[in-house]
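Got the viewer open? Here is a short walk through the model, one selection at a time.

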Amino acid sequence: MSNSGITRLLTALFTVMLLLMAYAQTESKDSVYYRESTPDSVRSEVSAYAEHSTDLKHLSLFYPEPVLFPPHRPASISDLNLPHLRFIPNEANLLKWTDGEISAIGYMRVYPGLMQIDSGTVGICQSFGNLTLSAGAEANKYGFFNGLITKYGLTGNVAYRFSPRLSFTAFGTYYFGNPRMFLPPSIAGYYGRTSFGGYLDYQINDYWGVEAGARTVRQLDTNRFESEPIVTPYYKINKKVKIELPIAEILYHILKK
């Protein structure tokens, strides 16, 4: 192709581009185009605005497949959070949302010369104002001389706070099966047992408090349920850790013997 032919082709392309640009400038900036899938609520809202607006002169319907940008709101951070690391030992939040979470807890207790207990729990917790519901599944492994037992169970509690210093908690834990081997008396006291009950928690101040109530426990030797009182003063080190002294339980078993 000669130089004159190339020049004429470029001139024609440039002219077409100018015509297209001029046509685009003649289109009203307030034109609104509908798709067939446009919601009726959007159509009616735009039509109402068109009747009362002096800027929106017409609703253009020239294109069979025009583009409509739907109403939107500013982006916000989701209430649902991914798992994240925490500074609390042996605890991790698997999933967290407003006033609730799914967490996993694992810990190990070593009693030199006696036994070792490995425990793990996965649970869900949800708060509704002053009411808090919790449920979970747990597994405990008891290792001692010439013996190893793994025990599984379900646990849950319901707590209601009457005031900043007074609350009530109903709890329950159910373990599946009984040990298939004889447990030495020194170990039986650490073995998880099915129990349920309730107690009032009164916080005297930011550090001291007392729990009072009762619970029913299934005994390992007789497989029968027996009730015992709960009177437990405690000292809070922080929101997660407190030191307890189960006075009523100790006195009950001393007097029972």
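A polar contact here is a pair of N or O atoms within 3.5 Å, where one must be able to donate a hydrogen and the other to accept it. Keep that in mind for the opening stop, and remember throughout that you are looking at a predicted model.

**Stop 1: Asn-93**

Select Asn-93, which you'll find in strand 1, residues 91-97. Show side chains and look for Glu-101: the side chains of Asn-93 and Glu-101 make a polar contact at 2.3 Å. Is Asn-93 buried or exposed? Asn-93 has a relative accessible area of 3%, so it is buried.

While you're in this part of the chain, click on Asp-99, in the loop between strand 1 and strand 2 (100-111). Its phi is near 60°, a positive value in a residue other than glycine. Asp-99 counts as exposed, because its relative accessibility is 53%.

**Stop 2: two hairpins in a row**

Now bring up strand 4 (residues 131-144) together with strand 5 (residues 147-163). These two pair in the antiparallel sense, over 14 bridges. To check the register, pick Thr-132: its bridge partner in strand 5 is Ala-159.

Follow the chain round the turn. Strand 4 and strand 5 form a hairpin with 2 residues between them. Asn-146 sits in that turn, and its phi is positive, about 60°, although it is not a glycine. With 70% relative accessibility, Asn-146 counts as exposed.

Next, add strand 6, residues 166-175. Strand 5 and strand 6 run antiparallel and are joined by 10 bridges. Here too there's a hairpin, with 2 residues linking strand 5 to strand 6. For a register check on this side, select Leu-154, which stands opposite Tyr-174 in strand 6.

**Stop 3: aromatic rings**

Time to colour the rings. How many aromatic pairs does a search of the whole structure find? It finds 8. One of them is Tyr-142 with Tyr-191, a tilted pair at 4.8 Å centre to centre, with 40° between the planes. Tyr-142 belongs to strand 4, while Tyr-191 is in the loop between helix 3 (185-188) and strand 7 (195-203), so the pair ties together parts that are 49 residues apart in sequence. Both Tyr-142 and Tyr-191 are buried.

Then jump to Tyr-207 and Tyr-235. Their ring centres are 5.9 Å apart and the planes meet at 15°, so this pair is stacked. Tyr-207 lies in the loop between strand 7 and strand 8 (208-218) and Tyr-235 in strand 9 (residues 225-236), so parts 28 residues apart in sequence are tied together by the pair. Tyr-207 is partly exposed, at a relative accessible area of 46%, and Tyr-235 also counts as partly exposed, at 31%. Add Trp-208 to the selection: ring pairs link Tyr-207, Trp-208 and Tyr-235 into a cluster.

Before leaving the rings, look at Tyr-234. Lys-242 lies over the face of that ring, 4.3 Å from its centre.

**Stop 4: Ile-230 and Gln-219**

Stay with strand 9 and pick Ile-230. It is buried, because its relative accessible area is 11%. Show its surroundings: leaving aside neighbours within four places in sequence, Ile-230 is in contact with residues including Phe-171, Gly-198, Ala-212 and Ala-248. For a distance to try, the C-alpha atoms of Ile-230 and Ala-212 are separated by 5.1 Å, though the two are 18 residues apart along the chain.

Now move to Gln-219, in the loop between strand 8 and strand 9. Gln-219 is buried, with a relative accessible area of 12%. Beyond its neighbours within four places in sequence, Gln-219 is in contact with Arg-193, Arg-224 and Glu-226. With Arg-193 there is also a polar contact between side chains, at 3.4 Å.

**Last stop: colour by pLDDT**

Finish with a confidence check. The protein averages a pLDDT of 76, and 66% of the residues score at least 70. Select residues 27-34, where pLDDT stays under 50 and the model has 24 contacts beyond four places in sequence. Then select residues 52-78: pLDDT is below 50 here as well, and the stretch has 31 contacts beyond near neighbours in sequence. Where pLDDT is low, the predicted coordinates should not be read in detail.

Terms used
Residues are numbered from 1 along each chain as its sequence is written. This is a predicted model: local features need pLDDT of at least 70, side-chain atom pairs count only at pLDDT 80 or more; totals for chains, interfaces and linings use all residues. Side-chain values use heavy atoms; hydrogens and water are left out. Helices (H or I, at least four residues) and strands (E, at least two) are DSSP runs, numbered from the N terminus. Buried means under 20% relative accessible area, exposed over 50%, partly exposed in between (1.4 Å probe, protein chains only). Rings of Phe, Tyr and Trp (its six-membered ring) pair if their centres lie within 6.5 Å; planes under 30 degrees apart count as stacked, over 60 as edge-to-face and the rest as tilted. A charge sits over a ring if NZ of Lys or CZ of Arg is within 6 Å of the ring centre and within 35 degrees of the ring normal. pLDDT is the predictor's confidence in each residue, from 0 to 100. Contact means heavy atoms within 4.5 Å. Two strands pair if DSSP finds at least two bridges between them.
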